[in-house]
Amino acid sequence: MRPIAPPSPQFSGGGGSDPLPADPEPPAVQRLSRASLAWRAAALVIGTLLVVRGTLIGNDIDWPFGPMSQFAFRIGPNGAIHSTFLEARTVQGNVMVVPITVKSVGIARAEIEGQQPRLIRDPALLGDLATSYHRLHPDQPQLQQLWLQDRVTVLRHGRDAGQYVTTLVGWPLNEAGQVNESGQVNESGQVNEAGQVNEAGQ
Amino acid sequence: MSTDTRAENAPPGNPAVPPRPGRGLRAAVFEPTPAARVALLRIVIYGFTIGDLFWIVNDVFAHADGSAALYRPLRIRLWLHLPVPFHGYVHVLRWVIIIGCLLCASGRLPRRLGVLTGLVTAAAFTDWVSIGMSYSKIDHDHFALIVALWVLPTVGISRLRDRTRSEAAGWALLCIQIGCVAVYFLSALAKIRYGGWDWPTGSTFAWAMTRRGTGLGRMLLNPPWLLVVGQFAVMGMEFLSPALLFLRGRARYGFVVLLCCFHLGTYLTMKIHFLPLVVCLLAFLPLEQVLGERFPDGRRSGVRR
């Protein structure tokens, strides 16, 4: 798309404090053909409609034309803040918190939280995290047992009114506790020593 | 692409050109804009995209090497029959993006090859980011950047010393600008859709600070009204964002600075930076003015909007 008329070397274009004489030749303007105008206009309209549609009625899986929904949910001032973390027992018997990060288990916390219902239905997926951990940390003791934990911060009038931890699901399941009807693992003393409820507040 | 172009030595609004219906719309959507602006923006955008592979959407290899059971593909991946990511695939993809970005940023390719390379790069990067979003966490910080990668190749050859104004450049920049505004404005609409009209009076920011706040972010938790004020301010700013498209001069640049301060604030309080969107805000600025001193005759380009 070279201009037919090359730009003049004398061009100044009305630059602010330029003391040189008035510009004898303004910059060339490169126009588009009708067809070029038409497809560009159509693309702009279609793209804009798609992205607006995404936020009005779309779903996350419509990305890149999904809803701009990050931080769009509302937590009431007397609601609860859930924050997932992973605990594990190694083959040596140590219980430790395993960071849910890409470097640690190959997936980020928000991604695990996005798949939380699946993980509760199918705890064997936690085994996949143990496998990833071993692949990424070959020199560390392997993880033998995992629990997906939820740290719940209770809010009162927008303030932190206390925290407690509850176990969402464990793997292998037969050692992690019994699954209740709603698919959640009961909080029982057997689930894991560190997973007790710490009622710091009311 | 636009193969048929005409050059006129006429500035926009030249009285010699007779007014025609739709001319105002054409001037708005295809505002002749310095090609040098696109040339400079292109270097920044393609350079940033390479960095993005390593520092922002840098979990693609981890996903490809990890459990395929956790892969929850986006609709676009299903429609296009893109594979479940595996190591060799993402390895090739990354090299395609890096080489494509370098070639496009150089601006040295012949026109048709340049367009083709640009579109391949855009498709490859869209693929890359869509892998990052296919494990149940979907972000919208890349929307404007992906728009930019798809529209920049349509401008064709433009060089830093190019003083022509081009309608193709104006359209591409407008697309990037609309991409930016869409992220902000539609974020506000999404808050109404998901959170309700009372979203600003809730504790969503407290949720964010509690989960991932920095020391500074956690300081803002008390008293709670501080973050509620922040929520009103952010939602107001997002609703006002379409003004960016209409404002000119200092008002526009001031709004861009305000948005940058907002992103700096979210970074300092919870390490969320939205840099892929921030870099696209450059489309609102007369970038070519920083090149002024480099013109061969030593004069400022003096191009103004």
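The legends below describe several close-up views of a predicted model.

**View 1. The make-up of chain A, from its N terminus onward.** In this predicted model, the secondary structure of chain A comes to six helices and five strands. Read from the N terminus, these elements follow the order β-α-β-β-α-α-α-α-β-β-α. Chain A has 202 residues, of which 35% count as buried. If one takes the contacts in chain A between residues at least 6 apart in sequence, 50% of them join residues that are at least 24 apart.

**View 2. Strand β2 of chain A and its two partners.** Strand β2 of chain A, residues 80–90, pairs in the antiparallel sense with strand β4 of chain A, residues 143–156, and 11 bridges connect the two. Strand β2 of chain A is also joined by four bridges to strand β3 of chain A, residues 95–98, and these two strands run antiparallel. A:Ala88 is a useful residue to look for in this view, since its bridge partner in β4(A) is A:Leu146, while in β3(A) it stands opposite A:Met96. Between the strands of the hairpin formed by β2(A) and β3(A) there are four residues, and in this hairpin A:Gly93 takes a positive phi near 95°. When following the strands by eye, it helps to recall that in a regular strand the side chains alternate between the two faces of the sheet.

**View 3. The end of helix α1 of chain A and a cis peptide bond in the loop that follows.** A:Arg53 belongs to helix α1 of chain A, which covers residues 34–57. Is A:Arg53 buried, exposed or partly exposed? A:Arg53 has 14 other C-beta atoms within 10 Å, and it therefore counts as partly exposed. Although A:Arg53 and A:Phe65 are 12 residues apart in sequence, their C-alpha atoms are 7.8 Å apart in space. The loop between α1 and β2 of chain A contains A:Pro64, and a cis peptide bond, with omega about 5°, joins A:Trp63 to A:Pro64.

**View 4. Another cis peptide bond in chain A.** Here A:Trp171 and A:Pro172 are joined by a cis peptide bond whose omega is about 0°. A:Pro172 is placed in the loop between β5 (159–171) and α6 (173–176) of chain A. For comparison, most residues other than glycine have a negative phi, and most peptide bonds are trans.

**View 5. Helix α13 of chain B, with a buried face and an exposed one.** Helix α13 of chain B has 22 residues, 249–270, which at 1.5 Å a residue should span 32 Å, and the C-alpha atoms at its ends are indeed 32 Å apart. Where do the buried residues of α13(B) fall when one looks down its axis? They fall within an arc of 100°, so they line one face of the helix. The buried residues in α13(B) are B:Leu259, B:Thr269 and B:Met270, and what covers the buried residues includes α9 (204–212) and α10 (215–219) of chain B. The face turned away from this buried side carries exposed residues, including B:Gly249, B:Arg250, B:Val257 and B:Leu264. After α13(B) comes B:Lys271, which has a positive phi, near 60°.

**View 6. Two buried residues of chain B with a positive phi.** B:Phe274 lies in the loop between α13 and α14 (275–280) of chain B, and its phi is positive, about 55°, although it is not a glycine. Because 23 other C-beta atoms lie within 10 Å, B:Phe274 counts as buried. B:Ser136, which is not a glycine either, has a positive phi of about 75°, and its place is in the loop between α6 (111–132) and α7 (143–151) of chain B. B:Ser136 has 20 C-beta neighbours inside 10 Å, so it counts as buried.

**View 7. The largest nonpolar core and another core apart from it.** The largest nonpolar core has 84 residues, and those that touch the most other members are B:Trp128, B:Ala144, B:Ala148, B:Ala172, B:Ile176 and B:Cys280. Helix α8 of chain B, residues 167–195, gives the largest share of this core, with 17 residues. Leaving aside residues up to four places away in sequence, B:Ala172 touches B:Val38, B:Val151, B:Leu152, B:Thr154 and B:Val155. Apart from this core lies another, of 22 residues, among them A:Ile100, A:Val102, A:Leu143 and A:Val169.

Technical notes. Residues numbered from 1 in each chain as written. Chains lettered and ligands numbered in written order. Predicted model: local features only at pLDDT ≥ 70, side-chain atom pairs only at ≥ 80, totals over all residues. Pairing = 2+ DSSP bridges. Expected span 1.5 Å × (residues − 1). Buried ≥ 20, exposed ≤ 12 C-beta atoms within 10 Å, placed from the backbone. Arc of directions from axis to C-beta. Contact = placed C-beta atoms within 7 Å. Core = buried A, V, L, I, M, F, W, Y, C linked by C-beta atoms within 7 Å.
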